[in-house]
Amino acid sequence: SGIALLMWQLLRQPPLSAAFRAIGNLRKPIQAPIRTSTAMTASREIESSDTSIANIDVQSPKRRDAASIFAIALGIPLPSHAVKGAAEYDLEYYLRDAFMGNNKEGNLPASQGPPPRPPRQLGGPLLPLLLDDQLESCIVMQEFSRISNTPVTELGEEIKIFRNKAARAFQVSHPYVQESVRDEYFFDLTCYSIWRVASVRIQDFSKRDLFVRNVGRKLLDEVIRLGLIPSKNINTLQSGSGGLTDTLPAVIGILELFKSSGFCTKFQLGDKNDEFRTGMLAFDELDDEELRGGGSIDCLVSVLDASTLGGALQINGEGSRFYPDFVGPVLAAIWERAGRVSINYESYFVDPVYRPNPKDFFPDEMLYQYTIKGAA
């Protein structure tokens with residue numbers, strides 16, 4: 001077009017303006033800090049066999065970058081080796097808006113996600129507490145039945161019907177091998193189905209919160225009763241007289257229990273950017289003193305490849321924050337026993353890879369942010 005030819009001629013004329021010279025330095029690296037669900041971003045390589053602008057002053061990278069942006073904005077395809085960064089995407093948006101207009105849903109399609117890995121096998125003494133194949137005796141079903149005042153067998157049949165309807169679409173990205181909760185992806189599908197049915201049966205938001213909190217509390221009670229965490233931690237948790245430092249062995253014990261059952265592959269207690277205050281050093285005596293004085297303490301917990309991640313992402317994409325979670329409420333239940341405290345927490349999905357295309361989001365981590373506040 002005439003505008004494209006004009007831009008090409010301008011870019012051929014030295015020197016470039018200071019603004020155009022700066023464009024070449026605005027590229028962002030492929031790897032960057034972690035983004036959460038509130039800042040979903042992703043990278044994309046542009047492929048094209050068209051080489052119509054490949055010869056625009058290729059010896060000047062800065063000039064070539066500026067030319068690429070104008071060409072993209074005007075609909076001229078790039079050569080196959082060209083890669084755009086965040087700065088190019090931003091400027092392209094404004095140029096396209098000025099010359100051609102932008103679509104409400106964005107101009108870039110979402111990239112294809114990474115291929116699904118084979119499902120893990122879940123097992124151990126924790127699994128029957130989380131889910132059972134009959135959907136009758138596990139803690140989540142018992143609590144669901146109690147809070148909805150519905151027989152557990154009736155709920156089980158309703159969940160199985162919903163699961164059968166969702167299975168085909170869910171299996172595309174989560175290909176389970178066997179129809180058993182021992183299969184990670186079938187476990188995920190079952191949790192998704194339970195929480196979807198629960199969202200219909202439990203309309204009151206306060207009851208939803210109570211449902212999730214009680215699952216965590218009863219799960220902790222059963223773990224203690226069965227002796228699934230070191231016995232030296234049980235007395236402290238049962239008495240409710242300890243501080244945050246006293247709960248650390250139990251917290252790590254619970255997280256290790258989740259990991260050993262196959263529920264997740266890795267966890268981190270504390271800020272991953274703070275090498276000192278992690279694990280058994282996540283809290284100290286000053287935190288206990290702050291809590292006793294009515295102050296608040298923040299804590300981060302990271303869980304990788306959780307077996308509820310797919311269902312949680314699906315429900316979150318459907319516009320709800322009421323999604324499957326076991327780790328969050330059980331850790332809250334532990335800290336509830338650290339004296340007179342109130343526990344609030346938020347959970348986030350984390351994609352550890354920087355991606356400029358905002359439609360691309362492939363998280364593998366659940367990040368929990370707890371605020372533990374003492375009573376004054």
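Trainee: How many disulfides does the structure hold?
Mentor: Happy to start there, bearing in mind that this is a predicted model. A disulfide needs two cysteine sulfur atoms within 2.5 Å. Cysteine 138 is in no disulfide, as the nearest cysteine sulfur, that of cysteine 191, lies 8.7 Å away. The count of disulfides is zero.

Trainee: Which cysteine has the sulfur closest to that of cysteine 191, and why is there no bond?
Mentor: Good one to follow up. Cysteine 191 is buried, because its relative accessibility is 0%. Its closest cysteine sulfur is 8.7 Å off, which is too far for a bond, and that sulfur belongs to cysteine 138.

Trainee: Is cysteine 138 buried or exposed?
Mentor: The cut-off for buried is under 20% relative accessible area. Cysteine 138 has 0% relative accessibility, so it counts as buried.

Trainee: What is the relative accessible area of phenylalanine 144?
Mentor: Let's place the residue: phenylalanine 144 is found in helix α6, residues 139-148. Leaving aside residues up to four places away in sequence, it touches Leu155, Ile159, Ile194, Val197, Ala198, Arg201, Ile202 and Phe211. Phenylalanine 144 is buried, and its relative accessible area is 0%.

Trainee: How far apart are the C-alpha atoms of phenylalanine 144 and valine 215?
Mentor: Along the chain, these two are 71 residues apart. In space, their C-alpha atoms are separated by 8.9 Å.

Trainee: Which glycine follows α13?
Mentor: Helix α13 spans residues 309-317, and Leu309, Gly310, Gly311, Ala312 and Ile315 are buried in it. Cover for those buried residues includes α7, α8, β3 and β4. After the helix comes a residue with a positive phi, near 100 degrees: glycine 319.

How values were computed
Residues numbered from 1 in each chain as written. Predicted model: local features only at pLDDT ≥ 70, side-chain atom pairs only at ≥ 80, totals over all residues. Heavy atoms only, no water. Buried < 20%, exposed > 50% of the residue type's maximum accessible area, 1.4 Å probe, protein only. Helix = DSSP H or I, 4+ residues; strand = E, 2+ residues; numbered from the N terminus. Contact = heavy atoms within 4.5 Å.
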